[in-house]
Protein chains: 4
Amino acid sequence: MYIPVILGTAREGRQSENAAKFIHAEAAKFGFQTELIDVRDYRIPATDNTQQSPTAKKLEEKISRADGFIIVSPEYNHGYPGELKMMLDLLYQQYAYKPLGICGVSGGPIGGARMAEQLREVAVELHMVPIREAVYFPLVQNLFDEKGNIKDKAYYERIKPFFSELEWYARALKVARESTKR
Amino acid sequence: MYIPVILGTAREGRQSENAAKFIHAEAAKFGFQTELIDVRDYRIPATDNTQQSPTAKKLEEKISRADGFIIVSPEYNHGYPGELKMMLDLLYQQYAYKPLGICGVSGGPIGGARMAEQLREVAVELHMVPIREAVYFPLVQNLFDEKGNIKDKAYYERIKPFFSELEWYARALKVARESTKR
Amino acid sequence: MYIPVILGTAREGRQSENAAKFIHAEAAKFGFQTELIDVRDYRIPATDNTQQSPTAKKLEEKISRADGFIIVSPEYNHGYPGELKMMLDLLYQQYAYKPLGICGVSGGPIGGARMAEQLREVAVELHMVPIREAVYFPLVQNLFDEKGNIKDKAYYERIKPFFSELEWYARALKVARESTKR
Amino acid sequence: MYIPVILGTAREGRQSENAAKFIHAEAAKFGFQTELIDVRDYRIPATDNTQQSPTAKKLEEKISRADGFIIVSPEYNHGYPGELKMMLDLLYQQYAYKPLGICGVSGGPIGGARMAEQLREVAVELHMVPIREAVYFPLVQNLFDEKGNIKDKAYYERIKPFFSELEWYARALKVARESTKR
């Protein structure tokens with residue numbers, strides 16, 4: 001199962017990077033083939049956000065090959081970062097019939113749960129399957145040490161149902177896609 | 001595939017009943033085993049909305065047996081009808097790993113699309129898979145004749161990708177549930 | 001300023017009752033004229049949810065007279081309780097040009113923030129002004145003692161910007177309604 | 001009343017430009033002091049989306065001076081364009097206590113109503129007042145002639161309650177801001 005981890009913010013000083021690296025490392029340990037897709041590497045000139053743009057072409061190979069996705073993203077003003085939305089909007093049919101797991105990050109106590117709801121609505125339109133399980137990183141500034149290691153060890157348990165449900169859907173949908181040519 | 005059609009409003013004079021009966025009849029022609037579940041038959045005294053209530057028990061048999069769901073519902077003030085939400089909240093694990101297709105109804109021109117978005121967020125929490133395809137019945141007062149027959153024949157084509165996608169997910173998830181005991 | 005506090009769940013054993021009573025008492029101390037409106041007292045037979053129903057008539061006097069509203073409600077499956085939505089849908093123009101403050105309650109760690117987002121969408125359609133400030137009661141089962149007194153004293157500070165912003169909007173909109181006959 | 005019109009997409013071939021120009025021209029006729037703010041002129045390098053960035057500084061003068069806002073934006077995959085969100089996220093307190101009217105644009109029949117719902121959630125967090133009235137431009141490719149003139153004359157009536165409500169809120173909130181120093 002190839003399940004890339006998408007880091008959804010490009011801001012300087014982004015705290016979500018720690019969360020994304022943690023999820024990426026644990027996803028690999030769980031058994032997923034994975035890599036980190038950083039929105040910084042997919043800057044979109046807004047006037048060229050089509051599936052034919054060079055950025056879209058670069059992204060297309062990974063998204064097409066994926067069996068599912070993890071997005072790790074902060075919540076900005078109750079929504080998703082604009083740079084994440086610009087990247088997602090580049091492609092369409094490449095996402096179809098693949099599950100999406102969301103990890104929310106916030107400086108405040110909510111953990112990005114509202115961003116997750118808005119992103120799930122977008123995911124459904126992209127024919128993805130947004131899964132119920134999610135991992136939240138509230139008050140993220142307190143969660144990682146200076147080396148980027150997670151301090152709250154409870155997360156090692158908390159991520160298990162998230163990875164497990166994502167794997168279940170990734171497998172179920174892969175079998176179905178392959179047997180029906182969708 | 002047993003795919004019941006849930007009529008989501010209990011109001012007097014509800015226009016969604018025509019839409020629900022149309023969808024129910026077409027679902028049967030498409031090949032689904034189906035029946036109409038009317039929220040009027042699942043009135044919930046608000047103080048007894050638990051999975052142990054008689055209403056929940058009555059609903060449980062159908063929801064447990066289902067391979068997927070269609071909800072036909074109006075949009076009230078940009079959200080879902082309260083009686084629909086009370087009924088859905090009665091159960092939980094019985095919905096899991098089954099697809100949900102939504103048909104929106106409205107007196108205005110939007111067709112219930114905002115209700116669909118809110119309902120999809122609820123569906124994800126119930127471990128359902130809200131599918132992308134949807135059928136909208138805007139300006140519903142003009143869509144059916146006095147016998148309740150649909151006047152706009154384009155709907156016969158419009159429902160095909162909706163039923164087809166729902167069937168695809170129902171089958172994919174049933175196979176996966178049965179092989180993994182979820 | 002008459003600002004009633006609406007308790008949005010009717011369930012047996014509802015934990016939101018403690019939160020609503022706390023908010024109601026503090027609202028009175030803050031200087032609002034207030035009372036508790038309990039959805040249990042506004043049971044709606046789903047087939048009679050019109051503005052002419054006895055329940056609507058009973059509610060109408062309070063809603064018409066109000067200068068703003070506070071809703072204290074749990075989040076059920078990422079949405080609002082059905083009984084709350086049924087009650088809100090009874091009326092329409094009586095809400096117009098008045099602010100709404102939302103207090104969210106949950107057994108889990110999110111505190112009802114997703115319910116608040118869905119409810120704000122409904123509020124906008126009802127011509128209300130949903131204010132930014134909110135108060136959340138996550139893990140509510142730990143927040144009150146057996147007499148219903150709040151244990152976490154930080155809430156006494158936390159509610160101040162909430163009441164203050166609500167009062168600001170209530171006053172601004174009252175002045176404007178009265179000078180323009182809206 | 002200074003009410004700028006924000007065009008929310010930067011894509012090549014954007015159909016929303018016609019809608020934004022129409023709304024801008026009519027807003028001026030209605031009596032608003034207005035101008036068109038084009039997201040193309042506020043390109044944000046994602047790593048510099050802070051209130052201290054040059055782009056933010058350039059935007060700040062207009063947003064600070066405004067008495068309210070109109071956003072004309074397409075719906076992309078049920079959400080708002082990323083470039084619009086990046087621009088909005090640049091500032092914060094400059095939006096506070098000012099109304100926002102939304103015009104939705106779509107190639108399909110829904111007219112951007114789902115984008116409007118997501119954007120209203122963001123607006124509330126920015127302390128704006130998202131108004132109920134909205135104008136939708138569904139099937140936008142059919143609505144304007146080759147010179148960009150609107151073909152459906154019904155829009156001249158349709159925009160009146162939108163401008164009128166926006167003006168009412170702009171005035172009410174301006175009076176309140178000035179008398180309370182918010």
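In this predicted model, chain D and chain C meet through 16 residues from chain D and 16 residues from chain C. On the chain D side, helix 4 (113–125), strand 5 (129–137) and helix 5 (155–180) each supply at least two residues. Helix 5 of chain D gives the largest share, six residues. By class, the side of chain D that touches chain C holds eight nonpolar, two polar and six charged residues.

Chain D also touches chain A. This contact takes 25 residues from chain A and 25 residues from chain D. On the chain A side, helix 3 (82–88) and helix 4 (113–125) are the elements that give two or more residues. The largest share, five residues, comes from helix 3 of chain A. The side of chain A that touches chain D comprises eight nonpolar, seven polar and 10 charged residues.

Within chain D, helix 2 was examined along its axis and around it. Helix 2 of chain D runs over residues 54–65, 12 residues in total. At 1.5 Å a residue, a span of 16 Å is expected. The end C-alpha atoms lie 18 Å apart, which agrees. Three residues of helix 2 of chain D are buried: D:A56, D:L59 and D:I63. These buried residues cover an arc of only 75 degrees around the axis, so they fall on the same side of helix 2 of chain D. Their packing partner is helix 3 (82–88) of chain D. The other side of helix 2 of chain D carries exposed residues. These are D:P54, D:K57, D:K58, D:E61, D:S64 and D:R65.

Chain B provides two cases of backbone geometry. Most residues other than glycine have a negative phi. B:N77 is not a glycine, yet has a positive phi of about 50 degrees. B:N77 sits in the loop between strand 3 (69–74) and helix 3 (82–88) of chain B. With 19 other C-beta atoms within 10 Å, B:N77 is partly exposed. A residue counts as buried at 20 or more such atoms, so B:N77, with 19, does not reach that class.

B:H127 is likewise not a glycine and has a positive phi, of about 65 degrees. B:H127 is placed in the loop between helix 4 (113–125) and strand 5 (129–137) of chain B. B:H127 has 18 other C-beta atoms within 10 Å and is therefore partly exposed.

Terms used. Residues numbered from 1 in each chain as written. Chains lettered and ligands numbered in written order. Predicted model: local features only at pLDDT ≥ 70, side-chain atom pairs only at ≥ 80, totals over all residues. Contact = placed C-beta atoms within 7 Å. Helix = DSSP H or I, 4+ residues; strand = E, 2+ residues; numbered from the N terminus. Nonpolar A, V, L, I, M, F, W, Y, C, P; charged D, E, K, R; others polar. Expected span 1.5 Å × (residues − 1). Buried ≥ 20, exposed ≤ 12 C-beta atoms within 10 Å, placed from the backbone. Arc of directions from axis to C-beta.
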